[in-house]
Amino acid sequence: MSNKKLTKSYNRMIAGVCGGIAEYFDVDATVIRVAYVLLSVCTAAFPGLLVYLLLCLIMPNEGQAI
């Protein structure tokens with residue numbers, strides 16, 4: 001079992017949420033960001049924005065104990 005934790009990344013554009021998700025899944029952060037933007041545009045932007053804000057508040061910063 002992996003000992004990874006989902007945290008905000010220092011590889012950030014706004015709050016580090018997409019960078020943290022990319023690091024957790026070992027994917028390029030640009031791929032996650034593009035997927036997030038496409039998903040947000042296809043769902044009228046509001047749900048995507050709401051999920052991003054919730055993750056921004058819930059996810060701990062990188063290096064911070066949970």
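Which residues are buried in α1? They are V17, C18, G19, G20 and A22, where buried means under 20% relative accessible area, exposed over 50%, and partly exposed in between (1.4 Å probe, protein chains only). Helices here are DSSP runs (H or I, at least four residues), numbered from the N terminus. The cover over these buried α1 residues includes α2 and α3 (46-58).

A quick word on where this comes from: this is a predicted model, in which local features need pLDDT of at least 70, side-chain atom pairs count only at pLDDT 80 or more, and totals for chains, interfaces and linings use all residues. Residues are numbered from 1 along each chain as its sequence is written, and side-chain values use heavy atoms, with hydrogens and water left out.

**The core**

Let's start inside. A nonpolar core is a set of buried Ala, Val, Leu, Ile, Met, Phe, Trp, Tyr and Cys residues joined through side-chain atoms within 4.5 Å. The largest one has 8 residues: A15, V17, C18, A22, A29, I32, Y52 and M59. α1 and α2 are the elements that give two or more residues to this core, and α1 gives the most, with 3 residues. That fits a broad habit: in soluble globular proteins, nonpolar side chains tend to be buried together. Core member Y52 has contacts (heavy atoms within 4.5 Å) with I14, A15, G16, V17, C18 and Y36, leaving aside neighbours within four places in sequence.

**Buried residues around G19**

G19, in helix α1, is buried at a relative accessible area of 2%. Setting aside neighbours within four places in sequence, G19 is in contact with S9, N11, A29 and R33. Its partner S9 comes from the segment before α1 and is buried too, with a relative accessible area of 0%. Not counting residues up to four places away in sequence, S9 touches G16, G19, G20, E23 and E62.

R33 sits in helix α2. With the same kind of neighbours left out (those within four places in sequence), R33 is in contact with N11, R12, M13, C18 and G19. R33 is buried yet has no salt bridge, and D28, the nearest side chain of opposite charge, is 6.5 Å away. For charge, Lys and Arg count as positive and Asp and Glu as negative, while His and the chain ends are not counted.

Here are two C-alpha to C-alpha separations:

| Pair | Apart in sequence | Apart in space |
|---|---|---|
| G19 and R33 | 14 residues | 8.0 Å |
| S9 and I32 | 23 residues | 13 Å |

**Out on the surface**

So what about salt bridges? One needs a side-chain nitrogen of Lys or Arg within 4 Å of a carboxyl oxygen of Asp or Glu, and by this rule the count comes to 1. D26 pairs with K4, their closest N and O atoms being 3.3 Å apart. D26 lies in the loop between α1 (17-25) and α2 (29-42) and K4 in the segment before α1, so the pair ties together parts that are 22 residues apart in sequence. D26 is exposed, at 64% relative accessible area, while K4 is partly exposed, at 40%. Just after α1, D26 also takes a positive phi of about 55°.

Finally, L6, Y24, F25, V27 and V31 form a nonpolar patch on the surface, with about 420 Å² of accessible area together. Such a patch is made of residues with over 30% relative accessible area and no salt bridge, with nonpolar side chains (Val, Leu, Ile, Met, Phe, Trp, Tyr) joined within 5 Å and like charges within 9 Å. The areas come from the Shrake-Rupley method with a 1.4 Å probe, and for residues only the protein chains shown count as cover. Patch member V31 is found in helix α2 and is partly exposed, with a relative accessible area of 46%.
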